[in-house]
Amino acid sequence: MWKFLVIAFICGVIVIILMIMALASTDWLMAEGWRQGLFVHCIEEDVVPPLPFNLQDPPGCYPSRDAAYIKATAALCIITLITDAIATLLTGLGLRTQDHNMKYKFYRIAVLVMLVAFCFAAELNLGNRPIWEFGWAYGVGWGAAIFLFGAVVLLLCDKESEEIYYKERKIVHESQMRA
């Protein structure tokens, strides 16, 4: 059953990579001649108005629009990245340790932290223009959420086998106590 834990660890690493890609990209929302990321939006040369969200900027890249849902999405993605990195580290430590009590504690904490990360992996769908569409970075964000969900499920499935496999009970008979 340790295979589930290794796969959960790999899923955690994949989530870290995908979240870094999603955070760094300007391709969350796209339209003809325009791209919006979580931190920057870019307008290309020779763009034909109207631009999404009634933007009037000349070509170039600018800080992200001051919209609450963009800031909230960026914050949720950063929290997801940080908590998943912590959970993946704990899963790796659990795989590495030989102390069964520590192993159990690492896995239990990793499950809780990954559940927190999964809660923050939600994307806020709020758009007010029909002329834009979601870009590849949006899909990468959802891919990260799917891998994160898989890691949580795998850690939860294996929890039972680790707990049952390593529990010991010491039985002392009365004859041993008298000696």
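# Chat about a predicted fold

Modeller: The secondary structure of this protein comes to five helices and five strands (DSSP runs, with H or I over at least four residues for helices and E over at least two for strands, numbered from the N terminus). It's a predicted model, where local features need pLDDT of at least 70, side-chain atom pairs count only at pLDDT 80 or more, and totals for chains, interfaces and linings use all residues. Residues are numbered from 1 along each chain as its sequence is written, and side-chain values use heavy atoms, with hydrogens and water left out.

Colleague: Cool. What pattern does the protein follow along the sequence?

Modeller: Reading along the sequence, you get α-β-β-β-β-α-α-β-α-α.

Colleague: And how many disulfides does the structure hold?

Modeller: One. A disulfide is a pair of cysteine sulfur atoms within 2.5 Å, and here Cys42 is joined to Cys61, S to S 2.1 Å. The partners sit in distant parts of the chain, 19 residues apart: Cys42 in strand β3 (residues 40-43) and Cys61 in strand β4 (residues 60-63). The link is right-handed, with 110° about the S-S bond.

Colleague: Is Cys42 buried or exposed? And what about Cys61?

Modeller: Cys42 counts as buried because its relative accessibility is 3%. Cys61 counts as exposed, because it has 52%. The cut-offs are under 20% relative accessible area for buried, over 50% for exposed, and partly exposed in between (1.4 Å probe, protein chains only).

Colleague: What share of the 179 residues counts as buried?

Modeller: That's 40% of them.

Colleague: OK, new topic. Which residues touch the most other members in the largest nonpolar core?

Modeller: In that core of 31 residues, they are Met19, Trp28, Leu38, Cys77, Met114 and Leu155. A nonpolar core is a set of buried Ala, Val, Leu, Ile, Met, Phe, Trp, Tyr and Cys residues joined through side-chain atoms within 4.5 Å. Helices α1, α2 (68-96), α3 (100-120) and α4 (136-166) each supply at least two residues of this core, and α4 gives the most, with nine. There's also a second, separate core of ten residues, including Leu29 and Phe53.

Colleague: Why does Cys77 count as buried?

Modeller: Because its relative accessible area is 8%.

Colleague: Which residues is Leu155 in contact with?

Modeller: Leaving aside neighbours within four places in sequence, Leu155 is in contact (heavy atoms within 4.5 Å) with Leu5, Ala8, Thr91, Ala110, Val111 and Met114.

Colleague: Let's go outside. Which residues make the nonpolar surface patch?

Modeller: Val13, Ile17, Met21 and Trp136 make a patch of about 350 Å². Patches are made of residues with over 30% relative accessible area and no salt bridge; like charges are joined within 9 Å, and nonpolar side chains (Val, Leu, Ile, Met, Phe, Trp, Tyr) within 5 Å. A salt bridge is a side-chain nitrogen of Lys or Arg within 4 Å of a carboxyl oxygen of Asp or Glu. Accessible areas come from the Shrake-Rupley method with a 1.4 Å probe, and for residues only the protein chains shown count as cover.

Colleague: Which helix gives the largest share of the patch?

Modeller: Helix α1 (residues 2-24), with three residues. Val13 has its place in helix α1, and Val13 counts as partly exposed because its relative accessibility is 31%.

Colleague: And where is Ala24 found?

Modeller: In helix α1 too. Ala24 is exposed, with a relative accessible area of 65%. Ala24 and Leu38 are 14 residues apart in sequence and 8.1 Å apart in space, C-alpha to C-alpha.
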